[in-house]
Amino acid sequence: MDERYDVVVIGGGAAGLSGALALSRARRSVLVVDGGAPRNAPATHAHNYLGREGIPPLELLAIGRGEVAGYGGQFLDGDAVSATPVDGGFRVELADGRAVHGRRLLVTTGLVDELPEVPGVRELWGNHVLHCPYCHGWEVRDQAIGVLATSPMSVHQALMWRQWSEDVTLFLHAQAEPTDDEWEQLAARGISVVVGAVAAVESDGDRLTGVRLTSGQVVARDALVVAPTFTARSALLQSLGLPVEPLEVMGRVVGSAVPSTPVGSTDVPGVWVAGNVTDLMAQVIGAAAAGLKAGAGLNGDLIAEDTRLAVAARRATTARQVFSAAGERELCDQVLGDRRHGI
């Protein structure tokens, strides 16, 4: 398989589908390569997406796929593992040995949430173990919320989640105690602080019931907030020589991302990015907006190339006509007229 497209989109989440939709509507040939492992698959609903509030994430992607297909966009299920610059674009290699060719690449591979190594966290991730208050705060409003301290940002996290519940407890776990100013802030907002390492998150089936300390004490909670490390899925971009830069907050690396311009172009001409692979904090609607912006930029880049190629072809055709027999005869008629057969 060595099919050729104007744009190969790698990653079929909100950013990739939004870019593919814009490009398909621009009458570009588009292929979306997707491994079928969206970051938000564990979540039951997506939020803050205007017009689609509360929609299940997989349903949103299914709707997006249908819209892209409606404008001629195509799909290929599989994992793209590397890309190589070739004449006229890029060759994308899949894990199963297949390959596709695109004049341009839009990489929207997202990120991986690296969770704290606390038993029970991963099993409840996305439903009762949370990280984004704007994604999940309303759903756990007025419940007993715990915040697992994993960075210097944890006090800030606890203060933020206090907006959604009066019952917030900060578990210091392995972090240093708050500063005097932070203790005052926590006390003023009525946030409890538990000192001691957390051993596990306890649950009753699929529902979180409490946080167990290494001392054996169990603090009843309905939800637990953690701060993952956000690691960009960047292997394919690195195969093209693109760098991955750490993102640091308050002296701690919270993740990594591939740098890009505001419209998604990268240091490798012809390679564009959108969504969480370049913007770790983008929510679903922000990733979709970035995909649209990148798609428009890509189309503009292709228009410029199409125009350059058309001009070059026209010049070549004109040159051939001038030096052909017919061209010579026409030029002779214009210059000599009836005198061409003798003086």
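## Overall shape

How does the chain's radius of gyration stand against that of a compact globule of 343 residues? The chain has 28 Å, whereas such a globule would come out near 20 Å. Keep in mind as you look around that this is a predicted model. Taken along the principal axes, the C-alpha atoms fill a box of roughly 115 × 40 × 35 Å.

The secondary structure comes to eight helices and 19 strands. Of the 343 residues in the chain, 44% are buried.

## The five-strand sheet

Let's start with a sheet whose pairing is parallel: an open one of five strands, in the order E8-E15-E9-E10-E11. Its edges are E8 and strand E11 (192–194); each has a single partner strand, so one side of each is left without a neighbour in the sheet.

Inside this sheet, E9 and strand E15 (residues 223–225) run parallel and are joined by three bridges. If you would like a pair of residues to look for here, Ile145 stands opposite Ala223 in E15.

## The three-strand sheet

Next comes an open sheet of three strands, this time with antiparallel pairing, in the order E12-E13-E14. Strand E12 (198–204) and strand E14 (218–220) are the edge strands, and because each has a single partner strand, one side of each is left without a neighbour in the sheet. From one strand to the next, the twist averages 30 degrees.

E12 is joined by six bridges to strand E13 (residues 207–213), and the two run antiparallel. Ser203 stands opposite Leu208 in E13. E12 and E13 also form a hairpin, with two residues between them. Gly205, in the turn of that hairpin, has a positive phi of about 75 degrees.

## Strand E16 and its partners

As a reminder, strands of a sheet pair through backbone hydrogen bonds, either parallel or antiparallel. Strand E16 (residues 229–232) is a nice place to see both senses: E16 pairs with E7 in the antiparallel sense over four bridges, while two bridges join E16 to strand E18 (residues 252–257), which runs parallel to E16. On the E7 side, Glu114 stands opposite Thr229 in E16. On the E18 side, the bridge partner of Thr231 is Ser256.

Which residues of E16 are on the covered face, and which on the uncovered one? Phe230 and Ala232 make up the covered face, and Thr229 and Thr231 the uncovered one. In a regular strand the side chains alternate between the two faces of the sheet.

## Loop residues to look at

Two residues other than glycine have a positive phi here. Asp142 has a phi near 65 degrees, and this residue sits in the loop between helix H3 (133–136) and strand E9 (145–148). With a relative accessibility of 66%, Asp142 counts as exposed, the cut-off being over 50%. His173 has a phi of about 55 degrees and lies in the loop between strand E10 (168–171) and helix H5 (180–188). Its relative accessible area is 23%, so His173 is partly exposed.

Is Leu124 buried or exposed? Leu124 has a relative accessibility of 7% and therefore counts as buried, since buried means under 20%. This residue is found in the loop between strand E7 (111–114) and strand E8 (129–130). Leu124 and Val201 are 77 residues apart along the chain, yet their C-alpha atoms are separated by 8.9 Å.

## The second largest pocket

Finally, a look at a pocket. The second largest one has a volume of about 280 Å³. Its lining has 16 residues, and those nearest the centre are Ser18, Leu21, Tyr49, Gly64 and Glu67. By class, the lining has twelve nonpolar, two polar and two charged residues.

Which helices each supply at least two residues of this lining? They are helix H1 (14–25), helix H2 (57–70) and helix H7 (284–322). H2 gives the largest share, with six residues.

Notes: Residues are numbered from 1 along each chain as its sequence is written. This is a predicted model: local features need pLDDT of at least 70, side-chain atom pairs count only at pLDDT 80 or more; totals for chains, interfaces and linings use all residues. Side-chain values use heavy atoms; hydrogens and water are left out. Two strands pair if DSSP finds at least two bridges between them. Axes are lines fitted to C-alpha atoms, for helices over the stretch in contact, and angles run from 0 to 180 degrees between N-to-C directions. On a 1 Å grid over the protein atoms alone, a cavity is a set of points where a 1.4 Å probe fits but cannot get out, and a pocket is an open set with protein on both sides within 12 Å along at least five of seven lines; lining residues have an atom within 4 Å of a point. Grid points are joined across faces, edges and corners, and a volume is the space filled by probe spheres set on the points. Ala, Val, Leu, Ile, Met, Phe, Trp, Tyr, Cys and Pro count as nonpolar, Asp, Glu, Lys and Arg as charged, and the others, Gly among them, as polar. The radius of gyration is taken over C-alpha atoms; the globule rule is 2.2 Å times the number of residues to the power 0.38. Buried means under 20% relative accessible area, exposed over 50%, partly exposed in between (1.4 Å probe, protein chains only).
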